[in-house]
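Dear colleague,

I am handing over the structure we spoke about, and below it you will find what was found in it. Please look through the structure first and then read on.

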Amino acid sequence: MAQVGAKPPKKEFVNGEGFLLLGKTYRLQITAESAEYVELRDKLYVSEGALPFIGRLLPQWYRNQAAKKISERCTWYAKKTGYEPRSIRITNARKRWGSCGSKRTLNFSWRLVLAPLEIIDYVIVHELVHLEQPNHSKLFWNKLRSILPDYEKRKKWLKDNERLLEIY
Ligand SMILES: [Zn+2]
């Protein structure tokens, strides 16, 4: 029986295996016809020719998805809150979902794009608030709550499910 919080089994890249994106599981379908190496439709299509390089191609594909989604959400919340980062950077970090660097650069792990949107939003807003409040002070959490009243639920989800946010 699967343990709660257990690490998912290692991927074998066979048809039907599940891959997460934005909290939804897509089944892998290996195909001879796909024009692109990795393509998301109703399933996650991977061309046969890409299989030898999948260990490199799939993280790259996820990284591109993360860059698009995170910058889109970050722009939206920056407008809403008035906290403007100078730039955002997508990292390869494991379990360090976001961080706020010097010079107002926000860093986000591409692995975050596996999580549901409300979890991604939590990490983005958390880092945006750090632009004003560098420490986890009472003021920091109060500001965060004023933007996302249910942030505690999202924070807990991330802590409880972080082991799922891996592609291998
Ligand atoms: Zn923080």
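A residue is called buried here when its relative accessible area is under 20%, exposed when that area is over 50%, and partly exposed in between. Please also keep in mind that this is a predicted model.

With that cut-off in hand, helix 2 is a good place to begin, since 12 of its 14 residues are buried, so that this helix is largely enclosed by the rest of the structure. The buried residues of helix 2 are I119, I120, D121, Y122, V123, I124, V125, H126, E127, L128, V129 and H130. Their cover includes helix 1 (54-81), strand 6 (98-100), strand 7 (105-109), helix 3 and helix 4 (151-161). From its first C-alpha to its last, helix 2 reaches 20 Å, which is close to the 20 Å expected at 1.5 Å a residue.

Helix 2 also takes part in the zinc site. The protein donors of the zinc ion are the NE2 atoms of H126, H130 and H136, lying 2.0 Å from the ion, and in sequence these donor residues follow the spacing H-x3-H-x5-H. Because H126 lies in helix 2 (residues 117-130) while H136 lies in the loop between helix 2 and helix 3 (138-147), this pair ties together parts that are 10 residues apart in sequence. As a general point, an α-helix has 3.6 residues a turn, so residues three or four places apart point the same way. H126 has a relative accessible area of 9%, and it therefore counts as buried.

Two of the helices that cover helix 2 deserve a closer look, and I take helix 1 before helix 4. Helix 1 has 28 residues and spans 39 Å from its first C-alpha to its last, close to the 40 Å expected at 1.5 Å a residue, and it is followed by G82, whose phi is positive, near 80°. R73 is placed in helix 1 and, at 18% relative accessibility, counts as buried. If residues up to four places away in sequence are not counted, R73 touches L117, D121 and I124.

In helix 4 you will find W157, which at 28% relative accessibility counts as partly exposed. Once its neighbours within four places in sequence are left aside, W157 is in contact with A115, P116, I119 and L165. Of these, I119 is 38 residues away from W157 in sequence, while the two C-alpha atoms are 7.7 Å apart in space.

Turning to the chain as a whole, there are four helices and seven strands, and from the N terminus on the elements run β-β-β-β-α-β-β-β-α-α-α. The C-alpha atoms fill a box of roughly 55 × 40 × 25 Å, taken along the principal axes. Of the 168 residues, 46% count as buried; among contacts between residues at least 6 apart in sequence, 46% join residues that are at least 24 apart. The chain exposes about 9800 Å², of which carbon and sulfur atoms supply 50%. As for charge, the chain has 31 positive and 18 negative charges, and the mean positions of the two groups are 7 Å apart.

With kind regards

Technical notes: Residues are numbered from 1 along each chain as its sequence is written. This is a predicted model: local features need pLDDT of at least 70, side-chain atom pairs count only at pLDDT 80 or more; totals for chains, interfaces and linings use all residues. Side-chain values use heavy atoms; hydrogens and water are left out. Buried means under 20% relative accessible area, exposed over 50%, partly exposed in between (1.4 Å probe, protein chains only). Contact means heavy atoms within 4.5 Å. Accessible areas come from the Shrake-Rupley method with a 1.4 Å probe; for residues, only the protein chains shown count as cover. Lys and Arg count as positive and Asp and Glu as negative; His and the chain ends are not counted. The place of a charge is taken as NZ of Lys, CZ of Arg, CG of Asp or CD of Glu. Donors are N, O and S atoms within 2.8 Å of the metal (3.2 Å for Na, K and Ca); water is not among the atoms, so sites may look incomplete. The expected span of a helix is 1.5 Å times one less than its number of residues.
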